[in-house]
Amino acid sequence: MFCFQCQQTAHNTGCEGKAGVCGKKSDTANFQDELTGALIGLARAVKSAKPTKAADELVLKGLFTTITNVNFNNETINTLLAQVNAEKEKIAADAENYDVQQIWDADEDIRSLKSLILFGMRGMAAYAYHAFALGFTSQKVTTFFYDGLYAVGEDYGMDELLPLVLKTGEANYKCMELLDKANTESYGTPVPTEVPLTIEKGPFIVVSGHDLHDLKLLLEQTKDKGINIYTHSEMLPAHGYPELKKYPHLKGNFGTAWQSQQSEFHNIPAPILFTTNCLMPVRQSYADRVFTTSVVSYPELVHIGEDKDFTPVIEKALECGGYEEDHPMTGINGGTTVTTGFAHGTVLSVAGKVIDLVKQGKIKHFFLIGGCDGAAPGRSYYTEFAKKTPIDTVILTLACGKYRLNDLKLGEIEGIPRIMDMGQCNDAYSAIKVALALADAFGCGVNELPLSLILSWYEQKAVAILLSLLYLGIKNIYLGPTLPAFISPNVLQVLVEKYNITPISTPEEDLKKILG
Ligand code: SF4
Ligand code: SF3
């Protein structure tokens, strides 16, 4: 096997041998490569013939399946592989699949650029899939998947691949816009919401991942059953959506970030449902309580199929019974509640006030601390950074990296909270919208705003978002905890020269550099 697509890759060079750091086995990694090669075959097929609806959906599923911490199950990967091959046969039988090993063996700059495109598309496919689940699609986004997949299978040089990297960012920006539309049209504009971290007594279900549609269906199916629902990890922002928060049994958030799940799930008296990443190898002590749905899959766990009949999860919740008394839990800094729901709709509704506070010098700087969490010890940087930000600055958060700091109580600036959570990783779209609106109000470019992006990455959605930021010409991004292993020195040089991407150092030094 060879895999270097995520931040925790072995020695920051690549996972090899029998299994990766994430627990993905070598045969699974190889099947995922085969699936990717088949998707390239499908993209080749649609060069000469019209794609089918089934092919469009298979591209999303196939790419999403290969994201880190999504699928550990050879059986479901092979089923998908067979479906992709069958669909390709129908469209253009003579189109050939591609051997992805050629990318891993290529010259390091070509390998680097193709990796940026391929991994970015994997992240983007997850967003497109969530939008698709809510009935929203975009021809432009769909077309890009075929074009991008086709390109990574071609013998292209730097000059052809570099613009495609930015095109991936452009397509992902459109895709995040689509998902924003899908989420807000389906569930309303998020509103600021305080979310308790205490688990109330009685039966409950923990829902993890990003898929709001799955959560909504589960909320419906558990109505009036005496079962409470708690979000976990990237599902937390669901509490801000009016059409989801109206369910009184959507009670709060369970636990901290995804990488703590093995200890946090160990002895809870409740089932856990995974709708997307990040699923870690499941320990025996709680294996009978973990359920998967959508493209998430793990050998021997009960999978909820496309009928979305959550009865097995509901029965397990009743059987486990929950805690006998209310069970207080805290965030990593000891806080007992967190807040969310500050998406672009809410933030822009108070834009006038924010702009006044900036003009009066009461808000001096904005930090977007966004991206993934993970196990690397260097990630305490983000907590320390937040703690050290001056009191006249505001922090916007995104994605699951927020668990490093979202229970800190940093106060307010004239009614504007100093920490505002904009949502899941795809809600980077919200942050971009706010930044563009502020730039407009101040009559400057985004790069001239008193705004700094302090990003953390782990999996491939973060890659997609980074490419969108580059496509928008956003510079001076601080990136950590380590730089991606798949970025070659030459490609890094381009990123540094053109965009001034800076690896994080220490919170003190970076704050000094930023605030001058
Ligand atoms: Fe290694 Fe990450 Fe690939 Fe898992 S997804 S095998 S940890 S690089
Ligand atoms: Fe997190 Fe896995 Fe990336 Fe959507 S849930 S951000 S790491």
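Start with the whole surface: the protein exposes about 19,200 Å², and carbon and sulfur atoms supply 51% of it. Accessible areas here come from the Shrake-Rupley method with a 1.4 Å probe, and for residues only the protein chains shown count as cover.

Before you click further, know that this is a predicted model, in which local features need pLDDT of at least 70, side-chain atom pairs count only at pLDDT 80 or more, and totals for chains, interfaces and linings use all residues. Residues are numbered from 1 along each chain as its sequence is written, chains are lettered from A and ligands numbered from 1 in the order in which they are written, and side-chain values use heavy atoms, with hydrogens and water left out.

**The whole protein**

Switch to a cartoon view. You will find 18 helices and 18 strands; helices (H or I, at least four residues) and strands (E, at least two) are DSSP runs, numbered from the N terminus. The radius of gyration is 22 Å, close to the 24 Å that the globule rule gives for 516 residues, so the protein is as compact as a globular protein of that length. That radius is taken over C-alpha atoms, and the globule rule is 2.2 Å times the number of residues to the power 0.38. Along the principal axes, the C-alpha atoms fill a box of roughly 65 × 60 × 40 Å.

How many of the 516 residues count as buried? The share is 61%, where buried means under 20% relative accessible area, exposed over 50%, and partly exposed in between (1.4 Å probe, protein chains only).

**Strand β8 and its partners**

Next, select residues 290-293, which form strand β8. V290 and T292 point one way, F291 and T293 point the other way, and all are buried. Now add β7 (residues 272-274), which pairs with β8 in the parallel sense over three bridges; two strands pair if DSSP finds at least two bridges between them. Look for F274, which stands opposite T292. Then add β9 (residues 302-304), which runs parallel to β8 and is joined to it by three bridges. Here F291 stands opposite V302.

Stay a moment in the loop between β7 and β8, where C278 is found. A cis peptide bond joins N277 and C278, with omega about 10°.

**An open sheet of six strands**

Move to the sheet with the order β15-β12-β11-β16-β17-β18, an open one with parallel pairing. β15 (419-421) and β18 (502-503) stand at the edges, each with a single partner strand, so one side of each is left without a neighbour in the sheet. Inside this sheet, select β11 (residues 365-371) and β12 (residues 393-398), which pair in the parallel sense over six bridges. H365 stands opposite T393 in β12.

**Backbone stops in the loops**

Go to P481, in the loop between β17 (478-480) and α17 (489-499). A cis peptide bond joins G480 and P481, and omega is about 0°.

Then visit N476, in the loop between α16 (460-471) and β17. N476 is not a glycine, yet has a positive phi of about 60°. At 33% relative accessibility, N476 counts as partly exposed.

For the last stop, select N69, in the loop between α2 (53-65) and α3 (74-92). This residue is not a glycine either, and its phi is positive at about 65°. Is N69 buried or exposed? N69 is buried, with a relative accessible area of 4%.
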